[in-house]
Amino acid sequence: MRTFSSVSRLLFPSCPTLALLSLCGLQAGLAQVAVLTQHNDNGRSGMNLNETLLNAANVNTNQFGLLYTLPVDDQVYAQPLIMTNVSIPGQGTHNLLLVATVNDTVYAFDADNPAVTSPYWTNSFINPPNIVPPRNTDMAGACGGHYVDFSGNMGIVGTPVIDPTSATMFLVVRTKEYGTNYVQRLHALDLITGQDRPDSPVIIATTNGVAFDPYKQNQRPALLLANGYVYITWSSHCDWTPYHGWVIGYSSSNLGLPPLSFNASPSGSQAGVWMSNQGPLADTNGNIYLTTGNGTFDGVDNFGESFLKLTPSGNALARTSWFTPYNYSSLNGSDLDLGCGGLLLIPGTALLFGGGKAGVLYLVNKDNMGGLSGTTADTNIVQSWSVGSHSFHGGPVWWDTAAGSFAYVWAASSDHLRQYQFSRVLGKFASTTGGSGQPGGILALSANGSNAPSGIVWAAINTSANANQAVVAGTLHAYSAVNVATELWNSDLIASRDTLGTFAKFVPPTIANGKVYMATFSNRVNVYGILPFPTLSVTRAGDIVTLTWPTNPGSGYTLQYSSNLTPTGWTNYPGIPTVVGNHFLVTVAGSGAARFYRLKR
């Protein structure tokens with residue numbers, strides 16, 4: 001497709017002025033895409049199949065890059081979300097970009113207009129010095145008193161979830177109050193005003209006889225909204241015992257009702273639910289799916305190192321199916337959490353797909369998980385295979401095309417982006433072959449349905465240094481989803497323009513409506529998209545006319561001229577533009593017949 005920038009008409013001696021005609025135009029009205037939960041849906045597919053603007057042809061350094069940044073007050077661990085068509089009093093209807101920080105602040109930015117730099121509203125849940133976010137240094141007993149899984153504040157960490165019907169966002173806020181009191185609250189915010197709903201907030205607690213410790217219980221995974229309940233899950237800080245793998249569900253229509261709850265280790269310990277900040281899953285019947293980490297396992301009450309299916313039952317969550325690998329004891333002994341990575345519910349199937357620290361991928365029937373495997377192999381599940389000593393963080397993403405169905409994963413420790421083809425005839429993967437340090441690539445996918453050229457796998461990854469317990473530089477990558485060996489673009493190719501900044505550990509990119517929103521630990525959210533057309537500028541000094549346009553994003557354009565504005569008859573300028581600073585420059589004689597000049601890509 002040919003793209004034209006601005007057209008300049010040179011009006012020579014018989015004409016008194018120079019005229020500049022902009023052809024940038026306005027984007028036609030398109031259906032707007034909302035991103036209401038981590039990884040896009042309750043199956044955690046990570047895919048936006050309604051992306052009509054970005055594709056393999058225009059995501060390159062000439063056409064795609066960093067558009068602008070939005071400053072916030074601290075690091076962002078929660079995936080930015082998009083709510084469409086929100087009517088803001090006195091300010092019209094807008095698409096909102098919702099961002100939450102570890103300083104316990106929520107921002108509602110304009111998701112589309114870079115000229116609107118201030119948020120429509122903010123809400124802070126602290127009141128220093130008495131009410132502040134807890135910090136990593138407050139966790140005195142974690143990691144022997146040297147807890148650096150976080151580098152400072154750790155207020156809002158789990159990605160919120162949005163109910164579009166009521167325009168409500170649910171999120172967990174952690175605070176340290178009056179020096180010693182640690183509190184976790186579930187808030188329900190009105191997205192029009194940013195204020196709490198009438199029944200919000202509620203202090204998180206349990207009613208099943210086992211104490212919930214808001215100090216030691218670490219709320220990292222994304223929240224889940226399913227069949228009228230908001231589900232929240234917890235692990236711990238650096239395996240600082242005692243703690244349990246909690247799942248608690250609150251009525252989304254009345255937070256004051258007694259919650260549903262499940263403890264993965266009621267008569268044992270640990271079995272935390274952390275999944276590298278990815279969220280638990282749900283099917284259309286409201287069943288919940290997750291994996292647990294290191295902890296007690298007995299196959300009766302305690303289910304460390306397990307896949308779990310939970311079903312609402314009365315005022316509790318009942319465990320209705322489970323799978324535990326044959327080598328669970330070895331996983332426990334080596335700190336190889338099965339529940340390190342997120343899960344994917346493969347669309348159109350009953351299959352769960354995911355892996356953990358041991359570098360093994362599992363394909364499990366969600367309704368009949370298989371229980372405990374034998375003593376030497378996982379023979380009771382659909383499929384499993386190893387990728388070597390590459391632990392899985394983040395979660396797989398999915399795409400169906402005319403050429404087949406594919407899952408994408410990027411494990412840690414110098415592994416690469418892997419693409420696995422799934423056979424819907426066999427009901428399993430047809431092929432099981434496919435940054436340095438932790439955590440590997442955190443993925444998302446965009447496409448226009450099953451259209452092959454539109455498919456892009458987006459990956460945020462630590463650039464080189466290990467991000468396990470450090471704040472390090474990051475890179476955003478874009479790969480062809482048809483063949484991930486083809487990299488389309490990354491944020492380091494023109495670092496002066498597109499640099500990501502510091503890597504937001506475990507946070508996937510958010511892709512919606514032609515833009516890619518990327519959280520960072522640099523106290524900002526980066527917004528990437530199609531670069532604006534370069535402006536062709538004209539100045540005249542005596543008989544010399546100078547045409548200039550910027551090198552970025554103008555390096556992919558060719559200067560052309562014509563005697564009229566008809567579609568045909570344009571000629572490429574025969575000379576080579578001079579580069580002066582960050583602009584291309586061409587000089588032409590200011591005499592003779594009138595000419596029109598344009599930039600063509």
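**Figure 1. Ser-423 counts as buried, at 15% relative accessibility.** The cut-off for burial is under 20% relative accessible area, and therefore Ser-423, at 15%, falls on the buried side of it. The model shown here and in the other figures is predicted. Ser-423 belongs to strand β31, which covers residues 417-423. When its neighbours within four places in sequence are left aside, the contacts of Ser-423 are Lys-428, Phe-429 and Ala-430.

**Figure 2. Overview of the predicted protein chain.** The protein chain contains 3 helices and 46 strands. Its C-alpha trace spans about 95 × 55 × 40 Å along the principal axes. The radius of gyration of the protein chain is 27 Å, which agrees with the value near 25 Å for a compact globule of 601 residues. Of the 601 residues, 57% count as buried. The exposed area of the protein chain is about 21800 Å², with 52% of this area supplied by carbon and sulfur atoms. There are 26 positive and 30 negative side chains in the protein chain, and 11 Å separates the centres of the two sets.

**Figure 3. Strand β33, residues 442-446, is largely enclosed by the rest of the structure.** This description of β33 follows because 5 of its 5 residues are buried. The side formed by Ile-442, Ala-444 and Ser-446 points one way from the strand, while Leu-443 and Leu-445 point the other way; all of these residues are buried.

**Figure 4. The pairing partners of β33 include β3 and β34.** Strand β3, made up of residues 47-48, pairs with β33 in the parallel sense over 2 bridges. Within this pairing, Met-47 has Leu-445 of β33 as its bridge partner. With strand β34, residues 456-462, the pairing of β33 is antiparallel and extends over 5 bridges. Here Leu-443 stands opposite Ala-459 of β34. Leu-443 and Leu-445 point the same way from β33, and both are buried.

**Figure 5. Strand β38, residues 515-519, is covered on both faces.** One side of β38 carries Lys-515, Tyr-517 and Ala-519, and the other carries Val-516 and Met-518. Each of these residues is buried. With 5 of 5 residues buried, β38 is therefore largely enclosed by the rest of the structure. Lys-515 is among the buried residues of β38, and the burial cut-off it meets is under 20% relative accessible area.

**Figure 6. Hairpins on either side of β38 in sequence, formed with β37 and β39.** Strand β37, residues 510-512, runs antiparallel to β38 and is joined to it by 3 bridges. Thr-510 has Tyr-517 of β38 as its bridge partner. In this hairpin 2 residues lie between the strands, and Asn-513 in the turn has a positive phi of about 55 degrees. Strand β39, residues 524-530, also runs antiparallel to β38, with 5 bridges joining the two. Ala-519 is paired across a bridge with Val-525 of β39. The hairpin of β38 and β39 has 4 residues between its strands, and Asn-523 in its turn has a positive phi of about 60 degrees.

**Figure 7. Cis peptide bonds preceding Pro-201 and Pro-242.** Most peptide bonds are trans. The bond from Ser-200 to Pro-201 is cis, and its omega is near 0 degrees. Pro-201 is placed in the loop between β12 (181-190) and β13 (202-203). Thr-241 and Pro-242 are likewise joined by a cis peptide bond, with omega about -5 degrees. The loop that holds Pro-242 lies between β17 (235-236) and β18 (246-251).

**Figure 8. Positive phi at Cys-143 and Ala-167.** Most residues other than glycine have a negative phi. Cys-143 is not a glycine, yet its phi is positive, at about 55 degrees. This cysteine, Cys-143, sits in the loop between β9 (131-132) and β10 (161-163). Its relative accessible area of 28% makes Cys-143 partly exposed. Ala-167, also not a glycine, has a positive phi of about 50 degrees. The loop containing Ala-167 runs between β10 and β11 (168-177). Ala-167 has a relative accessible area of 15% and is buried.

Technical notes
Residues numbered from 1 in each chain as written. Predicted model: local features only at pLDDT ≥ 70, side-chain atom pairs only at ≥ 80, totals over all residues. Heavy atoms only, no water. Rg over C-alpha atoms; globule rule 2.2 N^0.38 Å. Buried < 20%, exposed > 50% of the residue type's maximum accessible area, 1.4 Å probe, protein only. Areas by Shrake-Rupley, 256 points an atom, 1.4 Å probe, with all protein chains shown as cover. Lys, Arg positive; Asp, Glu negative; His and termini not counted. Charge placed at Lys NZ, Arg CZ, Asp CG, Glu CD. Contact = heavy atoms within 4.5 Å. Pairing = 2+ DSSP bridges.
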